[in-house]
Amino acid sequence: MTEQDRPDPRQSGNRYDATEGTERRDDQSGTGREQAMAGAIGAGSPQDIGQDSFSATTESLQHTMGHDRPESGSYTFPAFDSHHPPEKDLIDDCVHCGFCLPTCPTYVLFGEEMDSPRGRIYLMNKGLNEEAMNDTMVRHWDLCLGCMACVTSCPSGVQYDKLIEATRAQVERRYERRPDDKAFREMIFQLFPYRKRLRLAAGPLRLYQRFGLDKKLKKAGVMSRLPARMRAMEALMPKLSKKEEKIPEYTSPTGERRKRVGVLIGCVQQVFFSQVNSATVRVLAAEGCEVVAPKNQGCCGALSTHAGREEESLNFARKTIDTFERENLDNVVVNAAGCGSTMKEYAYLLRDDPEYAERAKKFSSKVKDVSEFLQEIGPVAERHPLPVAAAYHDACHLAHAQGVRQQPRKNLKAIPGMEVKEIKEAEVCCGSAGIYNMVEPEPAEELGERKAKNVLNTGARMIITSNPGCMLQIQASLKRLGHEMHMAHPMEVVDASIRGEPVESLFR
Ligand code: SF4
Ligand code: SF4
C-alpha cells in the first residue's frame with residue numbers, strides 16, 4: 001500500500017464527538033455504523049464500547065503516540081506502525097460468537113464488552129482502520145491477563161495470543177505511559193529477569209522476613225499507606241528459605257542413559273524456588289536422563305514477551321538458543337509454565353531474524369514442559385506412596401498456552417495414595433499472569449481470592465501447580481482470606497515419591 005492509499009484517520013475519527021474527551025460512557029448514540037458494529041460484535045449497545053474519539057489535536061497525538069518516538073516502518077495505521085501490527089487476517093477469524101466471554105476473567109469481573117477477547121479484537125480492528133491509539137484502548141488491552149483462556153474456548157481458532165502479543169509490542173513502542181507507571185514497569189524489568197540482581201534483593205528480604213519487619217510495619221500502619229502496587233509486591237513476596245540450592249551443571253542418569261536433556265533454571269524460579277529446580281533435576285536423572293543445566297543461561301524472555309518488550313525479549317531468546325544449542329541435547333525441559341510457553345514460541349518470535357529463524361524452529365521443537373516430557377518417555381523409577389489429597393491448579397500458560405493438562409495429573413495420579421482434586425472454574429486465571437498482579441493489583445486480588453475460595457472448597461490438604469507466579473498469587477490470596485495451605489510443584493511431589501520421603505516432607 002502506498003502512502004497515498006493510507007486512510008486518513010482524522011476523517012474517520014471526526015465521526016465521533018471530539019469534544020467529549022477520550023472516553024464516552026454517557027448517553028451518546030453513536031453513528032449508524034458504530035451501532036451496527038456494536039450489534040455485530042454483540043455489545044449490548046454502543047455505550048458498551050469505549051468509544052474513543054480520534055480528536056486530532058496535536059496534544060492527543062503526542063500523548064498517544066509517544067513523544068519523539070520513531071515509527072518502525074514507512075506505512076502507519078491509525079493506531080499501529082508497520083512492524084507487525086495485529087494481523088487483519090487473524091482479526092477477521094473472529095466471528096463475534098461470544099463463546100469466549102464466560103472464560104475471560106476480565107469479562108467475568110467487569111461484565112464490560114471491551115474487557116472481553118471479542119471487544120479487544122474489535123479495538124484492534126479499529127486501530128488498524130480508523131482510530132489512533134488512545135488511553136481507553138490501551139487500558140482495555142492492559143487489563144487483559146494474557147491468560148489465553150479465550151484461545152482454548154474459541155471454536156473458530158482465533159489466535160488471540162498472537163494478536164495481543166503484537167498489540168502489546170505496539171503499545172510499548174508507541175504509547176506514552178504516565179511517568180510513574182513507566183518507572184514502575186522499568187523497575188520490574190530491571191530486576192526480575194536477572195538472577196544476580198534478584199539475589200542481591202533477596203538478601204535484605206531474608207532479613208526483613210527473619211526479623212518480622214513485615215508484621216511490625218503492618219501494625220504501625222505503614223503498609224496501608226503504601227501505593228497499591230507496592231502493597232501487592234510486598235504481599236506476593238515468597239517466604240525465602242535460608243539458602244538457595246545450587247544446581248549442578250551436569251548430572252548423570254540413574255542406570256542406562258535414555259536422553260540427554262537441558263534444564264532451564266530460570267530467574268524467579270532459581271532464586272525463590274531453587275528446591276523446585278533441584279527436585280526437577282533429581283526426577284529427570286531418576287528417569288534415566290543425563291541433565292545439563294548450563295551455568296551461563298539467562299532469562300528466557302517470557303516476562304518481556306508477554307509485556308510487549310519486543311527487542312529485549314528477542315535478545316533473551318537469542319541468548320537462550322546460543323546457550324542450549326552448544327550442548328547437543330535431545331530436549332530442553334522447562335518446569336515453569338510461562339517460560340515453557342515462550343520458549344515453544346521462539347520459532348514464531350524470531351521468524352524475521354535471518355540468523356536465528358531456522359535455529360529457533362529447531363530449538364522450539366525440542367522444548368517440553370517437564371510433566372509433558374515425563375509422560376512422553378514413560379516412567380521407569382519406582383513411585384512410593386504419598387497419602388494426601390491435593391488440589392491441582394492448571395497454570396494458564398501450561399493448560400491454555402501449551403495444552404498440557406492431563407500429563408501433570410497423570411504423573412500425580414501414578415503416585416500410590418495420592419488423591420488429585422479438581423478445582424471449580426479451573427479454566428479461569430488466578431490473577432498472577434506474569435507481572436499482572438503487580439501492575440493491576442485490584443483485579444488480580446479479586447481473581448486470586450476467587451481462586452483461593454475454590455481451592456479451599458476442594459477440601460484438599462495441599463495445592464500443586466507448575467508456575468512460580470501462581471504459587472505466590474494463590475498463597476497471598478489464601479493469606480488475605482485468613483488461610484494457609486501447603487504448596488508444591490508437581491516435580492517436588494514426584495521427587496518425594498521416587499525418593500520414598502514421607503508425605504510430611506511436602507509440608508515443610
Ligand atoms: S487472554 Fe485471558 S484476559 Fe485476555 S482476553 Fe483472553 S481470556 Fe480474557
Ligand atoms: S469465541 Fe472466538 S470467534 Fe467467538 S467471539 Fe470469542 S474470539 Fe471471536
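**Close-ups of a predicted model**

**View 1. Arg173 sits in helix α9.** Arg173 is found in helix α9, which covers residues 160-174. Keep in mind that everything in these panels comes from a predicted model. Is Arg173 buried or exposed? Arg173 has 20 C-beta neighbours inside 10 Å, so it counts as buried; the cut-off for that label is 20 or more. Now look for Glu310: between Arg173 and Glu310 there are 8.8 Å in space, C-alpha to C-alpha, although the two are 137 residues apart in sequence.

**View 2. Helix α17 and its buried face.** Glu310 turns up again here, as one of the buried residues of α17. The others on that list are Ser313, Leu314, Phe316, Ala317, Thr320, Ile321 and Phe324. Where do the buried residues fall when you look down the axis of α17? They keep within an arc of 160°, so they line one face of the helix. A bit of helix background helps: an α-helix has 3.6 residues a turn, so residues three or four places apart point the same way. The length checks out too. Helix α17 runs over residues 310-325, and at 1.5 Å a residue its 16 residues should span 22 Å, which agrees with the 22 Å between its end C-alpha atoms.

**View 3. The shell around ligand 1.** Ligand 1 is surrounded by 14 residues, and the closest are Cys104, Pro117, Cys144, Cys147 and Cys150. Which elements give two or more residues to this shell? They are α5 (105-110), α6 (117-129) and α8 (149-153). By type, the shell around ligand 1 splits into 10 nonpolar residues, 3 polar and 1 charged.

**View 4. The shell around ligand 2.** Here 13 residues surround ligand 2. Cys94, Cys97, Cys100, Arg118 and Cys154 are the closest. Sorting the shell around ligand 2 by type gives 9 nonpolar, 3 polar and 1 charged.

**View 5. An open sheet of 4 strands.** Reading across the sheet, the order is β7-β6-β8-β9, and the pairing is parallel. Why is one side of β7 and of β9 left without a neighbour in the sheet? Both β7 (418-421) and β9 (486-488) stand at the edges with a single partner strand each, so one side of each stays unpaired in the sheet. On average, neighbouring strands of this sheet are turned by 30° against each other, direction ignored.

**View 6. Where β6 meets β7.** Strand β6, residues 388-393, pairs with β7 over 4 bridges in the parallel sense. To pick out one bridge, start from Ala389: its partner in β7 is Glu419.

Key: Residues are numbered from 1 along each chain as its sequence is written. Chains are lettered from A and ligands numbered from 1 in the order in which they are written. This is a predicted model: local features need pLDDT of at least 70, side-chain atom pairs count only at pLDDT 80 or more; totals for chains, interfaces and linings use all residues. A residue is near a molecule or strand if its C-beta atom, placed from the backbone, lies within 6 Å of it. Ala, Val, Leu, Ile, Met, Phe, Trp, Tyr, Cys and Pro count as nonpolar, Asp, Glu, Lys and Arg as charged, and the others, Gly among them, as polar. The expected span of a helix is 1.5 Å times one less than its number of residues. A residue is buried if 20 or more other C-beta atoms lie within 10 Å of its own, exposed if 12 or fewer, and partly exposed in between; C-beta atoms are placed from the backbone. The arc is that of the directions from the helix axis to the C-beta atoms. Two strands pair if DSSP finds at least two bridges between them. Axes are lines fitted to C-alpha atoms, for helices over the stretch in contact, and angles run from 0 to 180 degrees between N-to-C directions.
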